Amino acid sequence: MATFFGEVVVAPSRAGLDEEEEEREETPEDREIRRELEKKREIEVLWSGLAQGPLACSRFVVAIGRNAAAFLSSFILDSVCWEVVGVVKLWNEWCRTSSTTNVLPTDSFCLFYRLISDPTVLLCQCSCYVAEDQQFQWLEKVFGSMQKEGLQVTILSTCPVADYKTQESTLTLASPFLKALKTKEFQEQVCCPLLEQPNIVRDLPAAVLSYCQVWQIPAVLYQCYTDVIKLDTVTIEAFKPLLSSEVLKSLVKDASESTKMLKKFLTATESHSNIYI
């Protein structure tokens, strides 16, 4: 009740008190469950056959998503020139990976490969979903294992064409198509038009590019906008202009092998889809 004219009276409320009471009411069992969940969500990076200390790395190519990973498998990777040197183990609501390196195109995995003839060249295929609260861990544990001096990073990813901001209707766009976004330190010619404002990138590709910007690492992100969310040969081949880039042109394998690998991916995808019919 007011004691004089004009006095501001604050009505009693338990809104804030209820929240405080809920925080105080956390039981030992609740705390244990929360700690176990946090521990379960920790990312583990396992390296094999590498010397102790930071990795000397001149080129690091990161393919994020199934189609980007399949592009590397189709046009770059083979069992003769490359060897698996690392794997990421993680768990979240959307995926679970293991330490196995024998994976299918439809699996969720994150593997690292080293070029045998030049051990400073590393590739990463990350087809698994890295949750927002796990991205910093991924960056710290992966890039924390590398020497940053002399490093150049190339990121490949895909994104729904519906996310592309343009004055035109996205229905009239010829998808899939590539757009590039680079850090200030990246001085080479990009292989496609730059991403226009107000478009943004998100998730792990954005996290990797932002990390490189902060650490002044030359890096470029090639994002493929596509209307197909599954493993798709047309989307995979949309990355082919990158084969002429300075980073990848010396790594391209025989064209006939690439065709065989693309057919393999298509067969694997169709077989996986038929399981649910």
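The legends below describe close-up views of a predicted model.

Local features require pLDDT of at least 70 and side-chain atom pairs count only at pLDDT 80 or more, whereas totals for chains, interfaces and linings use all residues. Residues are numbered from 1 along each chain as its sequence is written, and side-chain values use heavy atoms, with hydrogens and water left out.

**Figure 1. Cysteines 128 and 192 and their closest cysteine sulfurs.** A disulfide is defined as a pair of cysteine sulfur atoms within 2.5 Å, and the count by this rule is zero. The cysteine sulfur closest to that of cysteine 128 belongs to cysteine 126; because the distance is 3.8 Å, the two are too far apart for a bond. For cysteine 192, the closest cysteine sulfur is in cysteine 191, at 7.0 Å, which is also too far for a bond. Cysteine 128 is buried, with 7% relative accessibility, and cysteine 192 is buried at 12%. Here, buried means under 20% relative accessible area, exposed means over 50%, and partly exposed lies in between (1.4 Å probe, protein chains only).

**Figure 2. An aromatic pair within helix H3.** Rings of Phe, Tyr and Trp (its six-membered ring) pair if their centres lie within 6.5 Å; planes under 30 degrees apart count as stacked, over 60 as edge-to-face and the rest as tilted. The structure contains ten such pairs. One of them joins phenylalanine 71 and phenylalanine 75 in a tilted arrangement, 5.3 Å centre to centre with 40 degrees between the planes. Both residues belong to helix H3 (residues 66-75) and stand four residues apart, about one turn of the helix. Helices (H or I, at least four residues) and strands (E, at least two) are DSSP runs, numbered from the N terminus. Phenylalanine 71 is buried at 0% relative accessibility, and phenylalanine 75 is buried at 6%.

**Figure 3. A stacked pair between helices H4 and H5.** Phenylalanine 143 and tyrosine 211 are stacked, with 4.9 Å between centres and 25 degrees between the planes. The pair connects distant parts of the chain, since phenylalanine 143 lies in helix H4 (residues 132-143) and tyrosine 211 in helix H5 (residues 203-214), 68 residues apart. Both phenylalanine 143 and tyrosine 211 are buried. Ring pairs join these two residues with Trp47, Phe60, Phe112 and Trp215 in a cluster.

**Figure 4. Lysines over tryptophan rings.** A charge sits over a ring if NZ of Lys or CZ of Arg is within 6 Å of the ring centre and within 35 degrees of the ring normal. The charged end of lysine 40 is placed over the ring of tryptophan 91, 4.3 Å from its centre. Lysine 148 lies over the face of tryptophan 215, 4.6 Å from the ring centre.

**Figure 5. The largest cavity and its lining.** On a 1 Å grid over the protein atoms alone, a cavity is a set of points where a 1.4 Å probe fits but cannot get out; lining residues have an atom within 4 Å of a point. The whole structure holds two cavities of 30 Å³ or more, and the largest has a volume of about 70 Å³. Its lining includes Gln152, Phe186, Glu188, Tyr222 and Leu248. Strand S6 (152-160) and strand S8 (219-226) each contribute at least two lining residues.

**Figure 6. The second largest cavity.** This cavity encloses about 40 Å³. Its lining consists of Cys159, Asp163, Lys165, Ile200, Arg202 and Tyr225.

Conventions. On a 1 Å grid over the protein atoms alone, a cavity is a set of points where a 1.4 Å probe fits but cannot get out, and a pocket is an open set with protein on both sides within 12 Å along at least five of seven lines; lining residues have an atom within 4 Å of a point. Grid points are joined across faces, edges and corners, and a volume is the space filled by probe spheres set on the points.
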